[in-house]
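Trainee: I should like to understand how the descriptive terms for a protein model are justified. May we take them one at a time, setting each value against its criterion?

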Amino acid sequence: MMRLFVIATLAIGALSFTPSCPIERFSRSTATTIISSSLSSTIPSSSVPAKENDDSIWKFVDLNEKIKNMLVCGDGDLSFSASIAQTVHNEDICLTATVLEDQEAHGKIYQRSISNAEQISNFENHKVEFSIDATKLEETFPGQTFDRIQFNFPHWKGKANHRYNRQLIDAFLKSASKMISDDGEIHMALVQGQGGYNAKTLTEYRDTWTPLAYAADHGLLLANVKQFDAMYNLSSHRGVDRGFKIGQEPKMFIFRKEGKAIPTRNQLCCRHELHILLPDNEESLNSQMDIMEGDKIQEIIQEVVPRGIRVEVPARSILLKEDTGYETNMAIFMIVYCGESLSMKRDEADKYRHLAEVAVEEHVPLRENRKGRLVSKPFPSHLLESVVAENGSYGLMKSEK
Ligand SMILES: C[S@@+](CC[C@H](N)C(=O)[O-])C[C@H]1O[C@@H](n2cnc3c(N)ncnc32)[C@H](O)[C@@H]1O
């Protein structure tokens with residue numbers, strides 16, 4: 001069996017998150033009361049009202065943000081928009097509720113179509129629009145921006161199919177990313193199992209819709225994830241007027257443009273290995289140990305990647321030549337790039353990998369046939385432990401403090 005030596009220490013890092021300066025508009029308890037009262041007519045008997053002071057519960061009016069306008073996409077029978085119309089009006093927010101179907105088809109499919117549409121458009125600052133494709137918002141609303149764009153439980157109308165649903169959320173996020181104001185947010189509710197937020201392994205995560213990766217491709221960061229209690233009439237099951245299952249833990253994924261740091265838990269990462277050759281002469285080996293130990297490799301690489309990308313070295317090992325058959329001993333580092341205030345795109349991460357190899361090679365020689373290999377597909381940072389564990393069998397061991 002290979003003899004492995006953990007040579008230095010570095011645990012999986014947790015970078016502190018600096019929230020933006022809050023503008024307190026009204027007290028938490030007041031807001032909860034407003035929302036509860038506006039929704040009371042549509043709360044299904046099984047729903048539990050949001051607890052006061054519970055940050056895990058999603059609220060459509062964020063206490064910290066002033067929003068002027070809100071666009072709701074793919075709103076089924078318009079029940080969600082109807083349920084928030086009064087509260088949104090009280091907050092001076094203009095609401096645009098939209099559905100994919102044309103008005104005639106919508107009226108035929110949904111028994112609440114007309115009553116919900118009336119309930120919304122009775123407010124002068126609200127409107128209902130039909131035939132709106134959430135993947136082509138820039139065509140429908142040219143030159144406009146929204147402070148909030150929301151799509152609850154997007155779903156391609158055919159049978160459940162990851163490929164089409166992934167295409168739908170990818171295209172929606174792409175389109176919505178061009179339509180939000182600078183501080184705007186995209187809120188996308190997903191059924192349990194679609195978002196991958198609680199996935200325990202990479203395999204489990206890859207079986208979800210991987211929304212973080214699509215969001216990152218369009219320059220979006222996952223600012224927050226909250227429990228979403230859907231307290232309105234859930235309709236529109238594959239294009240017919242029927243409820244659908246949302247599981248025990250539906251979640252609201254809240255995306256923002258790049259710029260502000262997001263919590264470590266929400267970041268997306270890519271990884272690669274760095275193989276460093278350790279020549280056999282003891283003098284040189286000693287001097288190279290300076291580089292190998294502690295945080296040096298991490299510091300060298302952090303220097304060359306853009307601000308907003310966090311570098312971690314969560315695993316490292318030395319492989320002895322007797323064990324590998326290679327002509328020198330070798331140090332292997334797992335290098336991880338995480339999107340902290342910049343979104344993590346795989347092709348960009350590959351450029352960071354190249355910069356890292358060039359920078360490290362100024363200090364120590366690299367194993368030639370391990371240079372230039374593509375970084376991994378992006379994965380959420382909470383799976384880093386699991387990624388490290390999976391790589392243990394290839395000789396990499398978790399760094400220890
Ligand atoms: C599971 S239903 C959810 C409906 C509603 N948002 C709710 O929470 O009750 C999925 C919705 O996505 C809508 N949808 C699918 N593709 C769409 C697209 N390209 N643009 C707008 N809506 C779309 C469907 O019309 C349907 O209303």
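Mentor: Let us begin with burial: a residue is buried if 20 or more other C-beta atoms lie within 10 Å of its own, and exposed if 12 or fewer do. Please bear in mind that this is a predicted model.

Trainee: What makes T210 count as buried?

Mentor: T210 has 24 C-beta neighbours inside 10 Å. The criterion asks for 20 or more, and T210 therefore counts as buried. This residue is found in the loop between α7 (202-206) and α8 (211-217).

Trainee: What is notable about the phi of T210?

Mentor: The phi of T210 is positive, at about 45 degrees, although the residue is not a glycine. Most residues other than glycine have a negative phi. D92 also has a positive phi, near 60 degrees, and is a residue other than glycine.

Trainee: Is D92 buried or exposed, and how do you know?

Mentor: D92 has 11 C-beta neighbours inside 10 Å. Exposed residues are those with 12 or fewer, so D92 counts as exposed. Its place is in the loop between α2 and β3.

Trainee: Why is E101 called buried?

Mentor: The count for E101 is 21 C-beta neighbours inside 10 Å. Since the criterion is 20 or more, E101 counts as buried. E101 is placed in the loop between β3 (94-98) and α3 (103-109).

Trainee: Which residues does E101 contact, and how is a contact recognised?

Mentor: Two residues are in contact if their C-beta atoms lie within 7 Å. Leaving aside neighbours within four places in sequence, E101 is in contact with H106, I109 and F130. As for C-alpha atoms, those of E101 and D77 are separated by 10.0 Å, and the two residues are 24 apart along the chain.

Trainee: How do you know that M334 is buried?

Mentor: M334 has 24 other C-beta atoms within 10 Å; the criterion is 20 or more, and M334 is therefore buried. M334 lies in strand β11 (residues 329-339). The C-alpha atoms of M334 and L274 are 6.4 Å apart, although 60 residues separate them along the chain.

Trainee: How much of the chain is buried?

Mentor: Buried residues make up 40% of the 401 residues in the chain. The secondary structure comes to 13 helices and 12 strands. Among contacts between residues at least 6 apart in sequence, 80% join residues at least 24 apart.

Trainee: Why is α2 called roughly parallel to α4?

Mentor: Helix α2 (residues 79-90) and helix α4 (residues 113-121) pack at an angle of about 30 degrees, with their axes 8 Å apart. Angles under 35 degrees count as roughly parallel, and α2 is therefore roughly parallel to α4. The crossing of α2 past α4 is left-handed.

Trainee: Which residues form that contact, and how do they divide by class?

Mentor: S79, S81, A82 and A85 in α2 meet N116, Q119 and I120 in α4. By class, the contact of α2 with α4 has 3 nonpolar, 4 polar and no charged residues.

Trainee: What makes α10 oblique to α12?

Mentor: Helix α10 (residues 296-304) and helix α12 (residues 346-361) pack at an angle of about 125 degrees, and their axes are 9 Å apart. Roughly perpendicular angles run from 65 to 115 degrees, and roughly antiparallel ones are over 145. The angle falls in neither class, so α10 is oblique to α12. The crossing of α10 past α12 is right-handed. The contact is made by I297, I300, I301, E303 and V304 of α10 together with L355, A356, A359 and V360 of α12. These residues comprise 8 nonpolar, no polar and 1 charged.

Trainee: Why does Y352, in helix α12, count as buried?

Mentor: Y352 has 21 C-beta neighbours inside 10 Å, and 20 or more are required; Y352 therefore counts as buried. Leaving aside neighbours within four places in sequence, Y352 is in contact with V305, I309 and Y337. Y352 and Q302 are 50 residues apart in sequence and 9.5 Å apart, C-alpha to C-alpha.

Trainee: Finally, which residues come nearest to the ligand?

Mentor: Of the 20 residues around the ligand, G74, G76, L100, A134 and N152 come nearest. The shell around the ligand divides into 10 nonpolar, 7 polar and 3 charged residues.

How values were computed:
Residues numbered from 1 in each chain as written. Predicted model: local features only at pLDDT ≥ 70, side-chain atom pairs only at ≥ 80, totals over all residues. Helix = DSSP H or I, 4+ residues; strand = E, 2+ residues; numbered from the N terminus. Near = placed C-beta within 6 Å. Nonpolar A, V, L, I, M, F, W, Y, C, P; charged D, E, K, R; others polar. Axes fitted to C-alpha atoms, helices over the stretch in contact; angles between N-to-C directions. Left-handed = near helix turned anticlockwise from the far one by under 90°.
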